[in-house]
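Grab a coffee and open the viewer. Below are some short exercises, each followed by a worked solution, so try each one yourself before reading on.

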Amino acid sequence: DAAIIFSDILVIPEAMGLPYQMVEKKGPYFENTIQSASDVAKLTVGNPELNYVYDAIKIVKKELAGRVPVIGFAGAPWTILCYMIEGGGSKTFSKPRGLLYTNPTLAHQLLEKVTITTIDYLKEQIKAGVDIVQLFDSWAGVLSAKQYSEFALKYIEMICKEITEVPVTVFSKGAFNSLEDLGKLPCRTIGLDWQMDAVLSRKLVGENKTLQGNFDPCLLYADETTIVKAVEEMISTFGKDRYIANLGHGVYPDTDPEKVKLFVQAVKSHRY
């Protein structure tokens, strides 16, 4: 139903002056990390020079010729901060979480700069032609509800308020305790991961938001009958009002593309 432009979320810190590498079988690696106020002061803020992303959007938009809308996306500020402080992936993200206790002022300074740059990045994607944008807060689940409100939702709200040209989707993986607050954001859609209950999520988020999700990506390893049955159950549980069927996170690298195709077909063939 839509096309999405894939560009890694870490192009933002790179554009701000913090380059990284993608190490095979390990993921992103930052040789230098943010450790002090002077490191934050050195960062470039706003108007990220990511013309290859904007050019890709223009090309795809032209080739699609209006057949389906184009989705743009960016990482949410908290998730971007995690990588800029930690220097790579982590099971605990103890360094960025520790920073919130030891130097919250520095955390806010960095989050503000990332937020400003992300707003400009999304606005350039919109100028290039995307019809909707999505914010991915992949590491929302490592924070308490109180911390998430102060160090994540505050900045997501800033982005949502600035992006008025197209609908905005917010996906905060693992933010179970913040669903009610997510429902208050000035965005159109809330994405749900596979651990978030459909009925409870609707109750907490409210009736005025579209929900998106929450099929477990690991279900795509199952046999065809199991996948189709699970799709039916998922859509029936969410109901037909204000719902976008989707996975509850990304497709895993070893997933059979035919199973992804089956998932899409099962969604499209569903009848209420």
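**Exercise 1. How many of the 6 residues of strand β4 (residues 70-75) are buried?**

Keep in mind throughout that this is a predicted model.

Step 1. Go through residues 70-75 and apply the cut-off: a residue is buried when its relative accessible area is under 20%.

Step 2. Count them up: 5 of the 6 residues in β4 are buried, so the strand is mostly covered.

**Exercise 2. Which strands does β4 pair with, and in which sense? Work out the order of the sheet.**

Step 1. Start on one side of β4. Strand β1 (residues 3-4) runs parallel to β4, and 2 bridges join them. I4 has I71 in β4 as its bridge partner.

Step 2. Now take the other partner. Strand β5 (residues 132-137) is parallel to β4 as well, joined by 5 bridges. You can check this pair by pair: G72 is bridged to V133, F73 stands opposite Q134, and G75 has F136 as its partner.

Step 3. Carry on from β5. It pairs with strand β6 (residues 168-172) in the parallel sense over 5 bridges, and D137 finds its bridge partner in S172 of β6.

Step 4. Put the whole thing together. The open sheet holds 7 strands, in the order β1-β4-β5-β6-β7-β8-β9, with parallel pairing. β1 and β9 (243-247) each have a single partner strand, so they stand at the edges and one side of each has no neighbour in the sheet.

A quick reminder for reading the picture: strands of a sheet pair through backbone hydrogen bonds, either parallel or antiparallel.

**Exercise 3. Take the loop residues G46 and S178 and the helix residue S201. Where does each one sit, is it buried or exposed, and what does it touch?**

Step 1. Find G46 in the loop between α2 (37-41) and α3 (51-64). Its relative accessibility is 8%, so it counts as buried. Skip the neighbours within four places in sequence, and G46 is in contact with I116, T117 and D120. If you want a distance to check, G46 and I80 are 34 residues apart in sequence and 15 Å apart in space, C-alpha to C-alpha.

Step 2. Move to S178, in the loop between β6 and α8 (179-182). With a relative accessible area of 3%, S178 is buried. Leaving out residues up to four places away in sequence, it touches A145, Y148 and L153. From S178 to V205 you go 27 residues along the sequence, while their C-alpha atoms are 9.3 Å apart in space.

Step 3. Finish with S201, which belongs to helix α9 (residues 198-205). It is buried too, at a relative accessible area of 1%. Beyond its neighbours within four places, S201 is in contact with L179, L192, M196, G206 and L211.

**Exercise 4. Which residues other than glycine have a positive phi, among them K25, and where is there a cis peptide bond?**

Step 1. Recall the background: most residues other than glycine have a negative phi, and most peptide bonds are trans.

Step 2. Look at K25, whose phi is near 70°. K25 is in the loop between β2 (21-23) and β3 (27-29), and at 83% relative accessibility it counts as exposed.

Step 3. Compare F93, with a positive phi of about 50°. F93 lies in the loop between α4 (77-86) and α5 (94-102), but it is buried, at a relative accessible area of 0%.

Step 4. For the peptide bond, go to G213 and N214: the bond from one to the other is cis, with omega near -10°. N214 is in strand β8 (residues 210-215).

**Exercise 5. What radius of gyration would a compact globule of 272 residues have, and what does the protein have?**

Step 1. The rule for a compact globule gives a radius of gyration near 19 Å for 272 residues.

Step 2. The protein has 19 Å, which agrees. Its C-alpha trace spans about 60 × 40 × 40 Å along the principal axes.

Step 3. Add some totals. The protein has 11 helices and 9 strands, and buried residues make up 50% of the 272. Of the contacts between residues at least 6 apart in sequence, 70% join residues at least 24 apart.

Conventions:
Residues numbered from 1 in each chain as written. Predicted model: local features only at pLDDT ≥ 70, side-chain atom pairs only at ≥ 80, totals over all residues. Heavy atoms only, no water. Helix = DSSP H or I, 4+ residues; strand = E, 2+ residues; numbered from the N terminus. Buried < 20%, exposed > 50% of the residue type's maximum accessible area, 1.4 Å probe, protein only. Contact = heavy atoms within 4.5 Å. Rg over C-alpha atoms; globule rule 2.2 N^0.38 Å. Pairing = 2+ DSSP bridges.
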